[in-house]
Amino acid sequence: MADQPRLLEGLDPEQRAAVTAPRGPVCVLAGAGTGKTRTITHRIAYLVQRGLVVPQQVLAVTFTARAAGEMRTRLRGLGAAGVQAQTFHAAAFRQLRYFWPRVHDTQVWPLVDNKFRLVVQAANRVGLSTEKESVRDLASEIEWSKAGLVGPDGYATAAARAGRDVPVAPHQLAKVFAAYEQLKNEARMLDFDDLLLHTAAILEEHPDVAEEFRSRYRSFVVDEYQDVNPLQQRVLDGWLGPRDDLTVVGDANQTIYSFAGASPKWLVGFPKRFPEATVVRLERDYRSTPQVVSLANSVIGAARERPAGTRLRLVGQRADGPEPEFAEYDHEPAEAEALARRVAELAGRGVALSEIAILFRVNAQSEVYEKALSDAEIPYQVRGGERFFARNEVRQAMVALRTAENRSDAGADLPAAVRSVLGEVGLTEEPPPGGSARERWESLISLVELAEELASSVPDAGLPRYVAELEARAESQHPPTVEGVTLASLHAAKGLEWDAVFLAGLVEGTLPIQHAEDDAAIEEERRLFYVGVTRAREHLHLSWALARAADGRRYRRPSRFQDGQVPDGHPAALPAKTRSAAAAAPRNRSQPRCRSCTAVLVSTMDIKLGRCADCPSDVDETLLERLRAWRGERARQLSVPAYVVFTDATLTAIAEQRPPDEAALVAISGIGATKVRKFGADVLALVQGEHTRS
């Protein structure tokens, strides 16, 4: 077990304050790159080492299996191997398996093996579309409802209050929700949200169960506390009971899951709930260079209505590095090809491909970058694709390693032994030229690199210890690093970091996403951009393209979140000569201004209208009425609420600005390429006084 002095070595004053805080309520406000995982694992180990709690009495919860696996690995190294570090759902399922038979006199119901199929059946009952995308949207709304403790009867009211972008009429979705629950209960099965709902109910309704659980677990730690939703908080309250031995860690600046029901209000309100709580602020950024930190602070510093007391300002601790790069391209293929060339340059200068990431707002953006990297023969992996330990070659390798662990040479040099075994399943000295063979080789060589990592930290480790480590990682989905560029969405990148990060496709309508129309949604998009910036350790490249295709119209505008970030005098700070929408939108890239008084526009509504709220409106009332009538008809045809077609604010902006063509139409805030494709021709016809197809 690590001794107290070693546990405190290398901690800065704020980290040390968090680690040594007495048992009881502790709130750690931890900025990006400030060492929060190190801090909380050292705190747990410190409490264990001092005898204030035994490892088996600590329950640490986080949001991903990967994060839980990393926490368990670190705790084992600190001598606190008995601590339960799990996701909310894994912890709840473990408890249900134990307590369900006592409460319900039967074995716990199994998990739904195909949720999609149940939602399809429910949609069929209601007479709704069962196309893949439609069913996925229905399932997401059901998950949002359950995470917010909302049942079918309360869905329509809750969705309206939250301003949800509902895929079908709310009363129809409520019927799908009810049918889904009925089908699931008839089959005596549980979905992931049920794991939490039933756990909370059992703790609330059965005092004997709650007492037994609370006698087993005395101390609780919650990571990423800014991302809890009402259901998870209800479970946490059930676990905690009247006690206060709770450590929470989070950063309100990184709240990016509000669309799924997450809220930072419990993190922000922690000191009020526990007035005697120890509150520690971690602002020393050990991840990123001062140049990256400066950009990150500038991005989040422009946020509106940040909760008081949570406004962390990062302070870079690393040596200086290169300034962030900004680049504008004529079209997406040119952007992707340029990024692939830049990746090759970095690799030529010694940056490992596994330390390079290309991040984007939505997964659909991935294809153009995959093609560019493939054309350049640069290996890559798409995060969120097939899990590492589910790959066929990895499964074969693990079987071979288990078979070999009892051989006479199993105690020899570990990396050499692993390489020898993997040679039997196809690992060669030199990598194949490309394709699936190269991908297989990359998977196998990453297992060798893991053996080298283990041998350096545990010199006497042999094959048995190595196989045990692999199995632990497989259980927690904590794979070793594969040598290749990572392609990932900004959401998937949360919690990760790389030496070099490319933030690509930074245009209005994508970031912020086109359906982010109110101030709260826009601010969430800003936080998502901030998360992307803070993934970079040293090299940061931000780029956007004026058109999607090489022969497309160049009407896109750079993301507003870059306003004021592009250095003066930089070529990308100047208007592009090829931008065909220049006549329809201001060239001044710094900030949007009122077309009447030229004042800087701040609120989302003012930006959408293109004028200050108190400046005179030149709305065409006749056109506005035609637009409203057309919207109502289109909404009925599509069986969606009217605001899904266009909001009232967007219709008003159209009626005021009267766009003459697609370039001017897409220049209106909140109108992206998708809506132009769906409704652009109709809207332009109405503006020109013509009849529409509908």
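## Exercises on helix packing, cores and backbone geometry

In this predicted model, helix H24 (residues 621-638) and helix H26 (residues 648-657) pack at an angle of about 140°, and their axes lie 9 Å apart.

**Exercise 1.** Classify the packing of H24 and H26 as parallel, antiparallel, perpendicular or oblique, and state which residues form the contact.

*Solution.* Two packed helices are described by the angle between their axes together with the distance between those axes. For H24 and H26 the angle is about 140°, whereas roughly antiparallel would require a value over 145 degrees. The two helices H24 and H26 are therefore oblique to each other. As to handedness, the crossing in which H24 passes H26 is right-handed. On the H24 side the contact is made by Leu623, Leu624, Leu627, Arg628 and Arg631, which meet Asp648, Leu651, Thr652, Ile654 and Ala655 of H26. Sorted by character, the residues of this contact between H24 and H26 comprise six nonpolar, one polar and three charged.

**Exercise 2.** Describe the largest nonpolar core, and find what Leu246 touches beyond its sequence neighbours.

*Solution.* Begin with the extent of the core: the largest one has 40 residues, and those with the most contacts inside it are Val222, Tyr225, Trp239 and Leu246. Helix H5 (residues 88-104) supplies the largest share of this core, namely seven residues. Next take Leu246: leaving aside residues up to four places away in sequence, Leu246 touches Gly24, Pro25, Val26, Phe220, Val222, Leu236, Leu240, Phe270 and Phe274. Val222, one of the residues with the most contacts inside the core, is thus among the residues that Leu246 touches.

**Exercise 3.** Locate the cis peptide bond that joins Leu511 and Pro512, and say in which loop Pro512 is placed.

*Solution.* The bond between Leu511 and Pro512 is cis, with omega about 5°. Pro512 belongs to the loop that runs between strand S13 (498-503) and helix H22 (519-533). Leu511 also has a place in another core, of 37 residues, which lies apart from the largest one and includes Ala357, Val531 and Val566 as well.

**Exercise 4.** Examine the positive phi values of Asp105 and Leu149, and decide for each residue whether it is buried, partly exposed or exposed.

*Solution.* Phi of Asp105 is near 55°, a positive value in a residue other than glycine, and Asp105 is placed in the loop between H5 and helix H6 (115-126). With a relative accessibility of 71%, Asp105 counts as exposed, because the cut-off for exposure is over 50%. Leu149, likewise not a glycine, has a positive phi of about 60°, and its place is in the loop between helix H7 (132-147) and helix H8 (155-162). Its relative accessible area of 40% makes Leu149 partly exposed.

**Exercise 5.** For Arg556 and Asp519, set the separation from Ala663 and Arg304, respectively, along the chain beside the separation in space.

*Solution.* Arg556, in the loop between strand S14 (536-545) and helix H23 (604-609), is buried at 16% relative accessibility. From Arg556 to Ala663 there are 107 residues in sequence, while the C-alpha to C-alpha distance is 8.3 Å. Asp519 lies in helix H22 and is partly exposed, with a relative accessible area of 30%. Between Asp519 and Arg304 the chain separation is 215 residues, while their C-alpha atoms are 8.5 Å apart. For the chain as a whole, 76% of the contacts between residues at least 6 apart in sequence join residues at least 24 apart.

Note on methods. Residues are numbered from 1 along each chain as its sequence is written. This is a predicted model: local features need pLDDT of at least 70, side-chain atom pairs count only at pLDDT 80 or more; totals for chains, interfaces and linings use all residues. Side-chain values use heavy atoms; hydrogens and water are left out. A nonpolar core is a set of buried Ala, Val, Leu, Ile, Met, Phe, Trp, Tyr and Cys residues joined through side-chain atoms within 4.5 Å. Buried means under 20% relative accessible area, exposed over 50%, partly exposed in between (1.4 Å probe, protein chains only). Helices (H or I, at least four residues) and strands (E, at least two) are DSSP runs, numbered from the N terminus. Contact means heavy atoms within 4.5 Å. Axes are lines fitted to C-alpha atoms, for helices over the stretch in contact, and angles run from 0 to 180 degrees between N-to-C directions. Angles under 35 degrees count as roughly parallel, over 145 as roughly antiparallel, 65 to 115 as roughly perpendicular and the rest as oblique. A crossing is left-handed if the near helix is turned anticlockwise from the far one by less than a right angle, and right-handed if clockwise. Ala, Val, Leu, Ile, Met, Phe, Trp, Tyr, Cys and Pro count as nonpolar, Asp, Glu, Lys and Arg as charged, and the others, Gly among them, as polar.
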